[in-house]
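This report describes one structure, with attention to a helix, a sheet and the nonpolar core. The sequence and the structure come first, and the description follows.

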Amino acid sequence: MTNAAYRRAQLEALVEAQGGCRATPPLLLKADPYFDLAGEEFGRRLLLTTDATGAEYCLRPDFTLPIVADYIAQGAREPAAFSYLGPIFRQRETGPAEFDQAGIELLAQPDGDVALDQVLTFARAALSLYSVTPQVRLGGVGLFEALLAQADMPDAWRPRIRHRFGHPEAMERLLTRLEQAPDVPRSEQPSHADLVEDVTARMVSAGLSLSDGRSPEEIADRFTEQQALDAAHVPPATLKLLRDYLAIKGDVLSALRQLEALAETNRLMLGAPIRAIRRHLDQLGEARVSFDASFSPRLDYYTGIVFEMRGQGGAILVSGGQYDRLLERLGATAPIAASGCALWVDRLEAEGVR
């Protein structure tokens, strides 16, 4: 057996050793959930086809979503553990569109901290099979959400700022816009009914359909929402707090001390999410660990600690974390804790021969 084949066999054994169910979702999946949950950026990487009715399908681009969707369809009541190793399909700038991923998904576990520890241990064990000591980047989605909930700002802006978390360019544009917003009083706005009537009249006058595209009611709603946002100013001190927080990055222990100092200065209660990050550091062994306050996957269903592990060449080998919101987004009727990670097997195998 070659060295590569031996390592692949060890990885197979590690995946099987996680217990629970070895998941094998279908290769052909409905595409809509990926567009709904992951957005257009991810959607552009899907390999798509349509059936005779025009319904859109894609070749399996990941394991997490179909595993979670099937778990919910089966009742989503009992704790469950899933592991996987198999091909996924995504368009990439370089390399083949078909490649293997391995990973685990731990759902509805009684202790979310223990579940995340198992995920981190699995990831480190997989990398050690290939003699890789990774560079680990941690992020705290729950930590940022705790800061956002306590920061002094109009409620209308909280979800919009949260939506841009993990998108540095979009966040920078929004903060700059808020810093430059003029603080001037707004004139009294017409009622919603008057707005709908005015929009309807204008559309009819212009020969536009009232049923194709956005309706007069939707246009009026959007106008009212935008006017309310324009009138809701975020205090300069809060914008400085957000910038100071997002700028924190570096060695994990140093970064956490900076976060604690920031919380104390601004009288924020961030102790619980910071302590949660500290508790999981032991599972990362001898890896070089950094914390980046601005880091988050570009998916809003992540909720707690998130991470990625890179090799010496800088390629991401493993990524994952806590994603409690995903199950509710897919139809669960109550919050369900979830942790997992995905391992890029082709990158890991390439790293292992350096």
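At the start of helix α4, a side-chain oxygen of Asp111 comes to within 2.9 Å of the backbone nitrogen of Asp113, in what is a predicted model. Helix α4 itself covers residues 112–129, and its 18 residues reach 26 Å from the first C-alpha to the last, close to the 26 Å expected at 1.5 Å a residue. After the helix comes Ser131, whose phi is positive, near 60 degrees. The buried residues of α4 include nonpolar ones such as Leu116, Val119, Leu120, Phe122 and Leu127, but Asp117 and Arg124 are also among them.

The sheet is open and has nine strands in the order β1-β5-β6-β12-β11-β10-β7-β9-β8, with mixed pairing. Its edge strands are β1 (21–22) and β8 (249–251), each of which pairs on one side only. Three of the pairings are set out below.

| Strand pair | Bridges | Direction | Opposite residues |
|---|---|---|---|
| β6 (residues 98–107) and β12 | Seven | antiparallel | Gln101 and Trp344 |
| β11 (residues 316–322) and β12 | Five | antiparallel | Gln322 and Ser339 |
| β7 (residues 135–140) and β9 (residues 288–292) | Four | parallel | Leu138 and Phe291 |

Strand β12 spans residues 338–344, and seven of its seven residues are buried. Both of its faces are covered, with Ala338, Gly340, Ala342 and Trp344 on one side, and Ser339, Cys341 and Leu343 on the other. Two of these residues recur in the pairings, since Trp344 is the bridge partner of Gln101 and Ser339 stands opposite Gln322.

Elsewhere in the sheet, helix α5 (residues 141–150) lies across β7, β9 and β10 (305–310), and runs at about 30 degrees to β7. Strands β7 and β9, both crossed by this helix, are the parallel pair of the table, joined by four bridges.

The largest nonpolar core has 103 residues, and within it Leu138 and Leu327 have the most contacts. The largest share of this core, eight residues, comes from α4. Leu138 is the residue that stands opposite Phe291 in β9. Leaving aside residues up to four places away in sequence, Leu327 touches Val68, Tyr71, Ile72, Leu107, Ala332, Ile336 and Ala338. One of these contacts, Ala338, belongs to the buried residues of β12, so that strand, mostly covered as it is, and Leu327 are in contact through Ala338.

Methods: Residues are numbered from 1 along each chain as its sequence is written. This is a predicted model: local features need pLDDT of at least 70, side-chain atom pairs count only at pLDDT 80 or more; totals for chains, interfaces and linings use all residues. Side-chain values use heavy atoms; hydrogens and water are left out. Two strands pair if DSSP finds at least two bridges between them. Helices (H or I, at least four residues) and strands (E, at least two) are DSSP runs, numbered from the N terminus. Contact means heavy atoms within 4.5 Å. Axes are lines fitted to C-alpha atoms, for helices over the stretch in contact, and angles run from 0 to 180 degrees between N-to-C directions. Buried means under 20% relative accessible area, exposed over 50%, partly exposed in between (1.4 Å probe, protein chains only). The expected span of a helix is 1.5 Å times one less than its number of residues. A polar contact is a pair of N or O atoms within 3.5 Å; within protein, one must be able to donate a hydrogen and the other to accept it, and residues adjacent in sequence count only if both atoms are side-chain atoms. A nonpolar core is a set of buried Ala, Val, Leu, Ile, Met, Phe, Trp, Tyr and Cys residues joined through side-chain atoms within 4.5 Å.
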